[in-house]
Amino acid sequence: MKEKEKFSRRGFLKTAAVMGATLTVSPALDKVQAVTHTVSNNKNILTDSARAAAITAHRTLGTGKAAFDVSALGFGVMGMTYNRSYHPDKKQCIRLLHEAMERGVTLFDTAIVYGPLNNELLAGEAFGEFHGRVNVTTKFGHEVINGKATGRQDSRPATIRRYCEESLKRLRTDVIPMFYQHRFDPNTPVEDVAGTIQDLIKEGKVLHWGMCEVSADTIRKAHAVCPLTAIQSEYHLMHREVERNGVLDVCRELGIGFVPYSPMNRGFLGGDLNEYTEFDPNNDNRTTLPRFTPEAMRANYRIVSVLQRYGRERGMTAAQLALGWLLQKAPWIVPIPGTTKLSHLEENLRTLEFALTAEEWKQLEDAVAAIPVTGDRYNAEQQKQVGF
Ligand SMILES: NC(=O)c1ccc[n+]([C@@H]2O[C@H](COP(=O)([O-])OP(=O)(O)OC[C@H]3O[C@@H](n4cnc5c(N)ncnc54)[C@H](OP(=O)(O)O)[C@@H]3O)[C@@H](O)[C@H]2O)c1
């Protein structure tokens, strides 16, 4: 089957057309270039979509029985309680999550270990009555005992089952739309993990599954037992490992979707962070990442400057270029930026209103690639948990 057929291009075009949007897809280049809303040209009246930033484009993660229709941009819930320093209170977070839903976002991402537990609880409270309209995906694997992460991995079949039951309760739902293995468990064969998920799918407790930060070989083994819907790994303009390690290639070959996490490099590519930014030492993993020392941020700000300069000529922000660059890489890629602000949500959703040519994206990519990135993305301990 041809790739363009596999990824439901027809559905994507239909959605865009229905909502008065145009979409340019060049099959030969496998590029989704943009969605442009048409504003009514009589009486200067703005259409609803022009008044409020909304997302109408959808994408399909995975193929066949594993296919999962979602908005072209998702929403990462993690930073609303965990690892992104200071955040608004629960009421405000829920209001923002509802704004995202009203504006067409259907994919929300959380995990058991975020908090731990309080991020799932937040998503459950926000969306408990909206399941079916939105999908809250979550992740198992990091061991959590009495609400505390131990730092170990536990993906034994019995543990996956227990985590599944507990997540269902916290998310206030009967079925998890997509359950990811958060990190590889060296003590549990991947076939056992895939087999357990296969059983949970048969039992109707899980709809789809995915894995995070695994190698192309592991993806093949897992997919052979139970077809994967998506791989979720770090991918953005400052970290392009999945282009080199075979992960994107194997996704393309097997018809598996890809969900880039930290699509703005944990906010850095949005331009609001710099060497003077103070992170909350009790709630921000960026304090442990070599790429976020003041020295590294000072050096890497050259990359943000490139985005800002490039955006200035096109009426785009650095964040929109970072997200747009990922979206144009393939129509089966769905980034999940996180935010605590309505203004940022709107800005991020409006990314899909811009149309850049393949040459323009390449020019931007080359300009960024010419600047060496200072600092590793993870410290040695965190690096040990990825790439199996
Ligand atoms: N699978 C995994 O191992 C894994 C690991 C990490 C993350 N994730 C997932 O990926 C999601 C996103 O990751 P992330 O939060 O690390 O990174 P991100 O989406 O790259 O960055 C989030 C940060 O960017 C800022 N931001 C958002 N929009 C902006 C804009 N338009 N301009 C400037 N700044 C902007 C946010 O701050 P404001 O609140 O001020 O907007 C927030 O602190 C998480 O929520 C989580 O679901 C998965």
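This report looks at aromatic pairs and one helix packing in a predicted model.

## The protein as a whole

Let's start with the overall picture. The protein has 388 residues, and 55% of them count as buried. Its secondary structure comprises 15 helices and 13 strands.

Contacts also say something about how the chain is arranged. Taking the contacts with a separation of 6 or more, 74% are between residues 24 or more positions apart.

## A tilted pair between two strands

Aromatic rings are a good place to look next. Searching the whole structure turns up 10 aromatic pairs. One of them joins Phe75 and Phe108, whose ring centres are 5.7 Å apart and whose planes make an angle of 35 degrees, a tilted arrangement.

Phe75 belongs to strand 5 (residues 75-76) and Phe108 to strand 6 (residues 107-109), so this pair ties together parts that are 33 residues apart in sequence. Both Phe75 and Phe108 are buried.

## An edge-to-face pair and its cluster

Phe268 and Tyr301 make another aromatic pair, this one edge-to-face, with 90 degrees between the planes and 6.1 Å from centre to centre. Phe268 sits in the loop between strand 13 (257-261) and helix 11 (294-312), while Tyr301 is in helix 11 itself, so here too the pair ties together parts 33 residues apart in sequence.

How buried or exposed are these two residues? With a relative accessibility of 1%, Phe268 counts as buried. Tyr301, at 21%, counts as partly exposed, because buried means under 20%.

The pair also has company: ring pairs connect Phe268, Phe279, Phe292 and Tyr301 into a cluster.

## Helix 11 against helix 14

Helix 11 deserves a second look for its packing. Its partner is helix 14 (residues 358-369), and the two pack at an angle of about 155 degrees with their axes 9 Å apart. Angles over 145 degrees count as roughly antiparallel, and helix 11 and helix 14 are therefore roughly antiparallel to each other. The crossing of helix 11 past helix 14 is right-handed.

Which residues in helix 11 and helix 14 meet? From helix 11 come Ile303, Val306, Leu307 and Tyr310. On the helix 14 side they meet Glu360, Trp361, Gln363, Leu364, Ala367 and Val368.

Tyr310 has one further neighbour to point out. Arg314 lies over the face of the Tyr310 ring, at 3.8 Å from the ring centre. Tyr310 is thus a residue to view twice in the structure: once among the helix 11 residues that meet helix 14, and once as the ring under Arg314.

How values were computed. Residues numbered from 1 in each chain as written. Predicted model: local features only at pLDDT ≥ 70, side-chain atom pairs only at ≥ 80, totals over all residues. Heavy atoms only, no water. Phe/Tyr/Trp six-rings, centres within 6.5 Å; stacked < 30°, edge-to-face > 60°. Helix = DSSP H or I, 4+ residues; strand = E, 2+ residues; numbered from the N terminus. Buried < 20%, exposed > 50% of the residue type's maximum accessible area, 1.4 Å probe, protein only. Lys NZ or Arg CZ within 6 Å of the ring centre and 35° of its normal. Axes fitted to C-alpha atoms, helices over the stretch in contact; angles between N-to-C directions. Parallel < 35°, antiparallel > 145°, perpendicular 65-115°, else oblique. Left-handed = near helix turned anticlockwise from the far one by under 90°. Contact = heavy atoms within 4.5 Å.
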